[in-house]
Amino acid sequence: MIRILFIGDIIGRAGRKAVQKELPRLLAERKPDVVVANCENLAHGFGITGDTIEEMTTSGIHCFTSGNHIFDKKEARTLLEDRPYVLRPMNYPPEVPGNGSITIPLPEGRSVTVVSMLGRAFMPPVDCPFRTMDRFLEKRDTDIMLVDFHGEATAEKAAFAFEFDGKVTAVVGTHTHVQTADERTLPRGTVFLTDAGMTGAMDSVIGVEKETAIRRMRTGIKEHLTPARGRYWVCGCEVTVDGNGHAAIERIMIKSKEGE
Ligand SMILES: [Fe+2]
Ligand SMILES: [Fe+2]
């Protein structure tokens, strides 16, 4: 049995502290072979820094997917070139630094390939995720493959999952920061969850301070958003693949009682 633990968008300090508190128990209980997390909101809600990535690798995360916020901090460009385990969406133009996939070797000749893909509905323009995935699958003979489809629209994520049903092991959505309860196995065996949800402050508007978010909505005036603190939740899922190659998916949502 091969186990992949996936953690949804880790948001700012509250998200990182939540990972540090909860991941040791998840690792001990589930013994995952590969731990993947979406890092696009890791550093104060916007993008990544070397320190925050290191904090998370020290906690036990092997590989990071991302999304539309990955280049919010300038240092991401060099970070992505130096750290192949930190992915940017595969369907950014080819001249953008970094890679959209990584293959992690496992014992006995097995491997897990992780792909980061960005949707196009209500998102900055990027290359077609469907055609990008077609091209990627053409050139490779992969074993287990998990795609993080980072998108706003549920329909786009479902269409992508059905299009690649039977060709990839798992399609897990991110970006909305709200976990959906629709995990399932598609007809050709791919497991799918529309959104894994976020890891960060629970009493927040998708991870940011609720007061600022409310003010922005009432007035229409843009204000800088700050990640919230306090009670957290850790949201994600576990994908398992048994000896016959059958995949299964289980949602994970851990809610804290008190603040970090
Ligand atoms: Fe996010
Ligand atoms: Fe996003």
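Which residue in β6 is the bridge partner of S116? Keep that one in mind; the reply comes under point 3.

1. **What you're looking at.** This is a predicted model, and the confidence is on your side: the mean pLDDT of the protein is 97, with 100% of its residues at 70 or more. Among the elements, strand β12 (residues 247-259) has the lowest mean pLDDT, at 93. Strand β9 (residues 191-193) has the highest, at 99.

2. **Overall build.** Count six helices and 12 strands in the protein. The radius of gyration is 17 Å, close to the 18 Å that the globule rule gives for 260 residues, so the protein is as compact as a globular protein of that length. If you like a box, the C-alpha atoms fill one of roughly 50 × 40 × 35 Å along the principal axes. Of the 260 residues, 45% count as buried. Contacts reach a long way along the chain, too: take those between residues at least 6 apart in sequence, and 66% of them join residues at least 24 apart.

3. **The six-strand sheet.** Six strands form an open sheet in the order β4-β5-β6-β7-β9-β8, and the pairing is mixed. At the edges sit β4 and β8 (184-185), each pairing on one side only. Inside the sheet, β5 and strand β6 (residues 144-150) run parallel and are joined by seven bridges. Back to the opening puzzle: the bridge partner of S116 in β6 is D148. As a general reminder, strands of a sheet pair through backbone hydrogen bonds, either parallel or antiparallel.

4. **Strand β1 and its two partners.** Is β1 (residues 2-7) mostly covered or mostly exposed? Mostly covered: five of its six residues are buried. β1 pairs with strand β11 (residues 231-241) in the antiparallel sense over six bridges, and R3 finds its bridge partner there in T240. With β2, β1 runs parallel, and four bridges join the two; I4 is matched with V34 of β2. To get from β1 to β2 the chain goes through α1, and this β-α-β crossover is right-handed.

5. **Helix α4.** Which residues of α4 (residues 129-138) are buried? They are P129, M133 and F136. These three cover an arc of only 60° around the axis, which puts them on the same side of α4. Flip to the face turned away from that buried side and you'll find the exposed residues R131 and E138. As for neighbours, the buried residues of α4 pack against β4 (101-105), β5 (111-118) and α5 (154-163).

6. **Helix α5.** On this helix, E156, K157, F160 and A161 are buried. Seen down the axis of α5, the buried residues fall within an arc of 135°, so they line one face of the helix. They pack against α4, β6, β7 (170-174) and β9. Don't be thrown by the residue types here: E156 and K157 are on the buried list along with F160 and A161.

7. **D127, just ahead of α4.** You'll find D127 in the loop between β5 and α4. D127 is partly exposed, with 16 other C-beta atoms within 10 Å. Setting aside neighbours within four places in sequence, D127 is in contact with N91, P93 and T132. If you want a distance to check in your viewer, the C-alpha atoms of D127 and T174 are separated by 18 Å, and these residues are 47 apart along the chain.

8. **Two backbone oddities.** Most residues other than glycine have a negative phi. K31 has a positive phi of about 45° although it is not a glycine. K31 sits in the loop between α1 (12-30) and β2 (34-38), and it is exposed, with 10 other C-beta atoms within 10 Å. H44 also has a positive phi, near 55°, and is likewise a residue other than glycine. The place of H44 is the loop between β2 and α2 (50-59). H44 is partly exposed, with 16 other C-beta atoms within 10 Å.

Definitions and conventions. Residues numbered from 1 in each chain as written. Chains lettered and ligands numbered in written order. Predicted model: local features only at pLDDT ≥ 70, side-chain atom pairs only at ≥ 80, totals over all residues. Buried ≥ 20, exposed ≤ 12 C-beta atoms within 10 Å, placed from the backbone. Arc of directions from axis to C-beta. Contact = placed C-beta atoms within 7 Å. Rg over C-alpha atoms; globule rule 2.2 N^0.38 Å. Pairing = 2+ DSSP bridges. Right-handed = clockwise from strand over helix to strand, strands pointing away. pLDDT = per-residue confidence, 0-100.
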